[in-house]
Amino acid sequence: MDLDLTAEDLAFRDEVRAFLDAALTPELREAGRRMTSVFCDKKYSLPWQRILHAKGWVAPSWPREYGGTGWNETQRAIFSAECVRAGAPGLAPMGLRMVGPVIMRYGTPEQKAHYLPRILSGEDYWCQGYSEPGSGSDLASLQLRATSDGDHYVLNGSKIWTTHAHWANRMFCLVRTSTEGKPQAGITFLLLDMGTPGIKVDPIITLAGEHEVNQVFFDNVRVPVSGRVGEENAGWTVAKYLLEFERGGGSAAGMKVALERLRNLARQETSDQGGPLIEDPAFRAKLAGAGVALDAIEMTEHRVLAALASGNAPGPASSMLKTQGTELMQRLDEIALEGLAHYGAVQQIEARAPGSNQPFIGPEHGLTTTARYLNDRAASIYGGSNEIQRDIMARLVLGL
Ligand SMILES: Cc1cc2nc3c(=O)[nH]c(=O)nc-3n(C[C@H](O)[C@H](O)[C@H](O)COP(=O)(O)OP(=O)(O)OC[C@H]3O[C@@H](n4cnc5c(N)ncnc54)[C@H](O)[C@@H]3O)c2cc1C
């Protein structure tokens with residue numbers, strides 16, 4: 001990929017900028033700025049998704065036949081960077097980035113025709129039912145039982161850490177359909193309606209005081225067999241394919257904005273020695289180190305995007321991106337807290353909400369820095385912990 005923008009690329013960037021300028025309301029921009037994790041409140045992400053859908057720009061990485069934009073890799077990179085720069089709220093990834101590509105690859109013609117347009121429009125809001133109590137890293141040990149009953153499966157058990165299950169009307173999940181043979185060989189991939197009787201969603205409140213994740217209980221929940229993706233007991237292959245998309249990133253643009261914000265902060269704040277923080281050699285070294293790591297991540301991200309563009313799953317590069325990306329994200333959070341000093345300690349949950357007129361002290365991003373720091377601790381755990389990613393890379397890349 002040529003990283004120098006051509007005249008055409010620059011014209012495309014101007015077109016994107018003009019659209020974002022016009023389409024992003026002040027409220028949506030504020031919601032984007034005040035995100036405290038990689039997930040945005042549905043109240044803001046959904047209206048933004050609808051605006052992008054109306055424009056035809058909601059799924060740049062999807063093939064054109066399913067509603068993608070037909071942009072090349074450079075155009076997609078420009079679009080995602082411009083969205084972040086403009087402060088657009090993030091879109092929920094569970095439909096567009098996770099189950100969408102799975103349905104395209106493994107779904108029946110009926111499933112594609114039914115679900116893909118609803119993912120694009122946001123009519124269906126998805127959550128991911130993979131993890132269970134005791135089955136996270138060791139996902140293949142999952143126990144949620146699905147018993148065959150005519151043209152239905154009957155589900156009993158529980159899923160945990162289910163992001164946005166309280167807002168979702170759909171779940172894609174892994175269920176146990178057989179206890180014979182290897183644990184991986186008895187798993188099936190199902191799509192289900194969260195409104196089905198017998199489903200109960202209990203909140204789990206994070207250290208930052210927020211409701212993002214849940215535990216979901218299933219008590220004799222009847223799911224039509226038509227919701228199965230792939231064959232019975234062949235869900236492990238489908239599940240792994242999805243995880244490559246979950247791990248493949250889109251984070252460098254966001255971290256660039258965060259780093260730029262940090263540089264500005266360091267120009268304004270005072271160091272312990274009394275001068276501007278940006279002149280403190282130790283602080284400067286941290287910013288420079290983060291900048292170098294960010295360049296490397298951006299290049300890896302281009303490789304993953306190139307794989308996606310050519311219709312391939314990103315493979316082990318997604319594990320590398322996940323590990324490096326989340327660790328840098330956490331490093332930036334730590335530098336931000338250090339730079340903010342006492343402002344970082346102020347936790348005003350009410351003042352954080354977009355549109356709030358609660359007063360706060362210090363720079364605006366002081367409102368979200370502590371919450372981000374706490375929530376981003378989870379980034380090296382979710383999507384498969386970084387220790388597990390290192391195992392994958394050791395096996396698939398180094399052949400160990
Ligand atoms: C904020 C958040 C959101 C999430 N959202 C979702 C969601 O929407 N849907 C969903 O299905 N899941 C979700 N998860 C769950 C997530 O995928 C799991 O937490 C993750 O896979 C780790 O599993 P676990 O929590 O059971 O930890 P464990 O598997 O018990 O791991 C505990 C520790 O042991 C280490 N460890 C475990 N096995 C090994 C090994 N073989 N080698 C080296 N180290 C090892 C791990 O790295 C980790 O540090 C979410 C989690 C969080 C924190």
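**Exercise 1. In which element is the place of Asn220, and what can be said of its backbone and its accessibility?**

Solution. The model is a predicted one, and the first step is to locate the residue: Asn220 sits in strand E7. The second step turns to the backbone, where phi of Asn220 is near 50°, a positive value in a residue other than glycine. As background for that step, most residues other than glycine have a negative phi. The third step concerns accessibility: Asn220 counts as partly exposed because its relative accessibility is 48%, a value that falls between the limits of 20% and 50%.

**Exercise 2. Carry out the corresponding analysis for Asn233.**

Solution. Begin again with the location, which for Asn233 is the loop between strand E8 (228-229) and helix H7 (235-247). Next, take the backbone angle: phi of Asn233 is near 70°, and here too the value is positive in a residue other than glycine. Finally, with a relative accessible area of 27%, Asn233 is partly exposed.

**Exercise 3. Describe the second largest pocket and then follow Glu210, one of the residues closest to its centre.**

Solution. Start from the volume, which is about 450 Å³ for the second largest pocket. Its lining is made of 19 residues, and those closest to the centre are Arg34, Thr36, Asp41, Glu210 and Pro354. Two or more residues of this lining come from each of H3, strand E7 (211-224) and helix H11 (349-352). Sorting the lining of the second largest pocket by class gives 9 nonpolar, 4 polar and 6 charged residues.

Now turn to Glu210 itself, which lies in the loop between strand E6 (199-205) and E7. Glu210 has a relative accessibility of 15% and therefore counts as buried, the limit for that class being under 20%. The last step is its side chain, which is joined to the side chain of Thr36 by a polar contact of 2.9 Å.

**Exercise 4. Work out which polar atoms of the protein lie by the ligand, and how the shell around the ligand is composed.**

Solution. Consider the backbone partners before the side chain. A polar backbone atom of Gln128 is 2.8 Å from a nitrogen atom of the ligand, while an oxygen atom of the ligand has a backbone N or O atom of Ser131 at 2.7 Å. From a side chain, an N or O atom of Thr163 is 2.8 Å from a nitrogen atom of the ligand. On its own the ligand has 980 Å² of accessible area, of which the protein covers 65%.

The shell comes next: 17 residues are around the ligand, and the nearest are Ser131, Ser137, Trp161, Ser385 and Glu387. Helix H13 (residues 386-396) provides the largest share of the shell, with 3 residues. The classes of the shell are 7 nonpolar, 8 polar and 2 charged residues.

**Exercise 5. How many cavities of 30 Å³ or more does the structure hold, and what lines them?**

Solution. The count is 2 cavities. The largest has a volume of about 80 Å³, and its lining includes Leu46, Met94, Leu96, Asp124 and Trp126. Helix H3 (42-55) and helix H5 (93-106) each supply at least two residues of that lining, with H5 giving the most, 3 residues. By class, the lining of the largest cavity holds 7 nonpolar, 3 polar and 1 charged residues.

The second largest cavity has about 40 Å³ of space, and among the residues lining it are Val38, Phe39, Cys40, Pro93 and His164. Its lining divides into 7 nonpolar, 3 polar and no charged residues.

Terms used
Residues are numbered from 1 along each chain as its sequence is written. Side-chain values use heavy atoms; hydrogens and water are left out. On a 1 Å grid over the protein atoms alone, a cavity is a set of points where a 1.4 Å probe fits but cannot get out, and a pocket is an open set with protein on both sides within 12 Å along at least five of seven lines; lining residues have an atom within 4 Å of a point. Grid points are joined across faces, edges and corners, and a volume is the space filled by probe spheres set on the points. Helices (H or I, at least four residues) and strands (E, at least two) are DSSP runs, numbered from the N terminus. Ala, Val, Leu, Ile, Met, Phe, Trp, Tyr, Cys and Pro count as nonpolar, Asp, Glu, Lys and Arg as charged, and the others, Gly among them, as polar. A residue is near a molecule or strand if one of its heavy atoms lies within 4 Å of it. A polar contact is a pair of N or O atoms within 3.5 Å; within protein, one must be able to donate a hydrogen and the other to accept it, and residues adjacent in sequence count only if both atoms are side-chain atoms. Accessible areas come from the Shrake-Rupley method with a 1.4 Å probe; for residues, only the protein chains shown count as cover. Buried means under 20% relative accessible area, exposed over 50%, partly exposed in between (1.4 Å probe, protein chains only).
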